[in-house]
Amino acid sequence: MDNKAYQDSGGRSLEKYPRPSVAVDAAVLTVDPETGLTVLQVRRAGGPGWALPGTFLHQGETLAEAVNRALSTKANVQGLRPRQLHVFDDPHRDNRGWVLSVAHVAVVPPDQLVDRFPQSTRLMPVHTPGRLIYDHADIIALAVADVRARYDSSPDPDHLLGDEFTLRDLRLIHEAVAGHALQRDTFRRAMEPHLISTGDTVSRGRGRPAELFRRRNDE
């Protein structure tokens with residue numbers, strides 16, 4: 001339909017309505033062996049400080065395309081499939097004007113970020129992300145809460161581990177996401193219904209071989 005031809009009940013066309021700019025911002029999370037759950041940040045090109053990778057939506061572009069363009073051009077990160085998290089729509093969230101941000105989240109293994117720009121990106125612990133622009137700290141907090149809720153009920157749903165793993169491996173990755181230690185027996189009881197034994201074991205150190213599992217129905 002031609003937008004100019006459409007009129008609402010008050011006789012106004014779509015062009016008569018003020019419109020916000022639309023941006024996308026991506027909280028890309030990974031696990032660091034020393035610091036736990038971390039978030040990817042990029043140095044701002046047009047001002048001081050750091051931010052989440054983001055950009056304005058171009059005409060004719062989908063949100064997913066905009067997110068991938070931002071990750072590629074600002075961080076040299078490709079091949080991710082961030083999912084939509086939340087629309088941040090406070091009219092005063094951005095000092096440049098009326099800007100809606102469609103926040104996205106992705107949780108990836110560290111090796112998917114090894115080619116990121118070394119001088120203009122950094123990985124920061126999610127509990128101390130540093131000073132960020134606009135409401136990016138709120139985006140990180142919501143992304144972390146979302147990811148932790150998913151890990152509460154499913155074994156490593158973002159596949160930070162490989163297809164096969166020990167229960168200890170699984171617990172350690174869940175502890176890194178949760179940010180605290182998990183009780184072993186409670187964790188095992190919660191996860192076992194979602195796991196299938198491979199029938200194989202792996203030996204590490206002096207202890208007895210550990211059983212290998214995989215996700216049930218590739219959860």
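**Group meeting: cores and salt bridges in one chain**

Okay, let's start on the outside: the chain exposes about 12,900 Å², and carbon and sulfur atoms supply 49% of that. Keep in mind that what you see up there is a predicted model.

Now the overall layout. We've got four helices and nine strands. If you walk from the N terminus, the elements go β-β-β-β-α-β-β-β-α-α-α-β-β. The C-alpha atoms fill a box of roughly 75 × 40 × 25 Å along the principal axes. And take the contacts between residues at least 6 apart in sequence: 59% of them join residues at least 24 apart.

So what's inside? Of the 219 residues, 40% count as buried. In soluble globular proteins, nonpolar side chains tend to be buried together. Here, the largest nonpolar core has 32 residues, and Leu 29 and Leu 170 have the most contacts inside it. Strands S1, S2, S5 and S6 each supply at least two residues of this core, and so do helices H2, H3 and H4. Which element gives the largest share? That's H2, with six residues.

Let's zoom in on Leu 170. Leaving out residues up to four places away in sequence, Leu 170 touches several others, including Phe 165, Phe 187, Met 191 and Leu 195. There's also a second, separate core of 15 residues, and Val 28, Val 42, Val 77 and Val 102 are among them.

On to charges. The chain carries 28 positive and 29 negative side chains, and the centres of those two sets lie 3 Å apart. Side chains of opposite charge can pair when their charged atoms come close. How many salt bridges does that make here? The count comes to nine.

Take Asp 146 and Arg 83, whose closest N and O atoms are 2.4 Å apart. Asp 146 is in helix H2 and Arg 83 is in strand S5, so this pair ties together parts that are 63 residues apart in sequence. Asp 146 is partly exposed at 24% relative accessible area, and Arg 83 is partly exposed too, at 29%.

Next, Asp 94 pairs with Arg 96, with the closest N and O atoms 2.6 Å apart. Buried or exposed? Asp 94 is buried, at 4% relative accessible area, whereas Arg 96 counts as exposed, at 51%.

Then there's a bridge inside helix H3: Arg 171 and Glu 175 sit four residues apart there, about one turn of the helix. Their closest N and O atoms are 3.2 Å apart, and both residues are buried. Last one: Asp 25, Arg 93 and Asp 135 are joined into one network by salt bridges that share partners.

Key: Residues are numbered from 1 along each chain as its sequence is written. This is a predicted model: local features need pLDDT of at least 70, side-chain atom pairs count only at pLDDT 80 or more; totals for chains, interfaces and linings use all residues. Side-chain values use heavy atoms; hydrogens and water are left out. A nonpolar core is a set of buried Ala, Val, Leu, Ile, Met, Phe, Trp, Tyr and Cys residues joined through side-chain atoms within 4.5 Å. Buried means under 20% relative accessible area, exposed over 50%, partly exposed in between (1.4 Å probe, protein chains only). Contact means heavy atoms within 4.5 Å. Accessible areas come from the Shrake-Rupley method with a 1.4 Å probe; for residues, only the protein chains shown count as cover. Lys and Arg count as positive and Asp and Glu as negative; His and the chain ends are not counted. The place of a charge is taken as NZ of Lys, CZ of Arg, CG of Asp or CD of Glu. A salt bridge is a side-chain nitrogen of Lys or Arg within 4 Å of a carboxyl oxygen of Asp or Glu.
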